[in-house]
Amino acid sequence: MLAVLLPCNIQSASAHEADARAGSERLNSQSREVSKRTADANALASGEAATLSNPAPGSARRMGSAKGPYYVDFRARTAASWGHAFVWYGKTSQREVEVAGLTPAGDTLAYMLGYVMWVPSETGASYGDLDPQYLTASYRVYLNEADAKKVFAYIKQLQANSPVWSAEISNCTAFIGSIAEYMGLKTPVRWTRPEEYVNQLKEMNGGRQFVRLAPEQ
């Protein structure tokens, strides 16, 4: 009896140990993937900042002084549905990237329900927002420090006051459109697909790269 049970117990213990190692490896892999996506986004932002700080020979005259030290980047990416629109914002000389956007909180069910009713929302970075390979459109505008503080505060306020998501009324393009309108930019209709929305936003504003807020703001 002992001769039979002993090998079984050893095999069971080995199986548990293998399962534990596999689980640990999966967690480590997921952690590395998240870190990689964040590093890629920060590296991209840092690279763009370096380009601004050290322009190629002959490009300084074209750039002029229009590009300020702060920016808001209106972006669109691919998604399982019709895409997603969001913003990156921050200081050009820093690696950190702030992300704001409006998405339904939860899985596919929450997204589907959002077409017929209000559903709880999330307003931070969602999966894919930090991955350059998913990017489909981008329109970056620059601000001076005083205006950037006002715009960034408005973005935070908009996040705090956007507790629900609706595909037809309060969606991702409406969210970034509110930011663009606050900055004095012309905006497309909110029901436009994210990629088209960002491209139209850039076209409607003549591709302008520098924004100054109205004095009363």
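# Salt bridges, helix α4 and strand pairing

Biologist: Is E98 buried, partly exposed or exposed?
Modeller: In this predicted model, the relative accessible area of E98 is 38%. Buried would need a value under 20% and exposed one over 50%. The class of E98 is therefore the one in between, partly exposed.

Biologist: Which residue forms a salt bridge with E98?
Modeller: The closest N and O atoms of the pair are 3.6 Å apart, and the cut-off for a salt bridge is 4 Å. E98 belongs to strand β3 (residues 98–101) and its partner to helix α4 (residues 145–160), so the bridge ties together parts 58 residues apart in sequence. The partner is partly exposed, at 44% relative accessibility. It is K156.

Biologist: How many salt bridges are found in the whole structure?
Modeller: The pair K156 and E98 is one salt bridge, and R75 with D73 is another, at 2.8 Å between the closest N and O atoms. A search of the whole structure gives a total of six.

Biologist: Which residues are joined into one network by salt bridges that share partners?
Modeller: D73 forms a salt bridge with R75 and meets R140 in another, at 3.2 Å from N to O. The second pair links strand β1 (residues 70–77) to strand β6 (residues 135–143), its residues being 67 apart. The shared partners give a network of D73, R75 and R140.

Biologist: Are D73 and R140 buried or exposed?
Modeller: Buried means under 20% relative accessible area. D73 has 2% and R140 has 12%. Both values fall under the cut-off, so D73 and R140 count as buried.

Biologist: Why do the buried residues of α4 line one face of the helix?
Modeller: An α-helix has 3.6 residues a turn, so residues three or four places apart point the same way. In α4 the buried residues are D147, A148, V151, F152, Y154, I155, L158 and Q159. Seen down the helix axis, they line one face because they fall within an arc of 155°.

Biologist: Which exposed residues does the face of α4 turned away from its buried side carry?
Modeller: The buried side of α4 is covered by elements including β1, β2, β3, β6 and α5. The face turned away from that side carries the exposed residues K149 and A160.

Biologist: How far does α4 reach from its first C-alpha to its last?
Modeller: α4 has 16 residues, and at 1.5 Å a residue the expected span is 22 Å. The computed reach is close to that, at 23 Å.

Biologist: Which residue of β2 stands opposite R75?
Modeller: β1 and β2 run antiparallel and are joined by eight bridges. They form a hairpin with six residues between them, and G83 in the turn has a positive phi of about 110°. Opposite R75 in β2 stands F86.

Biologist: Which residue of β3 stands opposite V87?
Modeller: β2 and β3 pair in the antiparallel sense over four bridges. A hairpin of six residues joins β2 to β3. β2 is mostly covered, with seven of its eight residues buried. Opposite V87 stands A100.

Biologist: Which strands stand at the edges of the open sheet β4-β5-β7?
Modeller: The three strands of this sheet pair in the antiparallel sense. Each edge strand has a single partner strand, so one side of each is left without a neighbour in the sheet. The edges are β4 (103–104) and β7 (164–165).

Terms used:
Residues numbered from 1 in each chain as written. Predicted model: local features only at pLDDT ≥ 70, side-chain atom pairs only at ≥ 80, totals over all residues. Heavy atoms only, no water. Salt bridge = Lys/Arg side-chain N within 4 Å of Asp/Glu carboxyl O. Helix = DSSP H or I, 4+ residues; strand = E, 2+ residues; numbered from the N terminus. Buried < 20%, exposed > 50% of the residue type's maximum accessible area, 1.4 Å probe, protein only. Expected span 1.5 Å × (residues − 1). Arc of directions from axis to C-beta. Contact = heavy atoms within 4.5 Å. Pairing = 2+ DSSP bridges.
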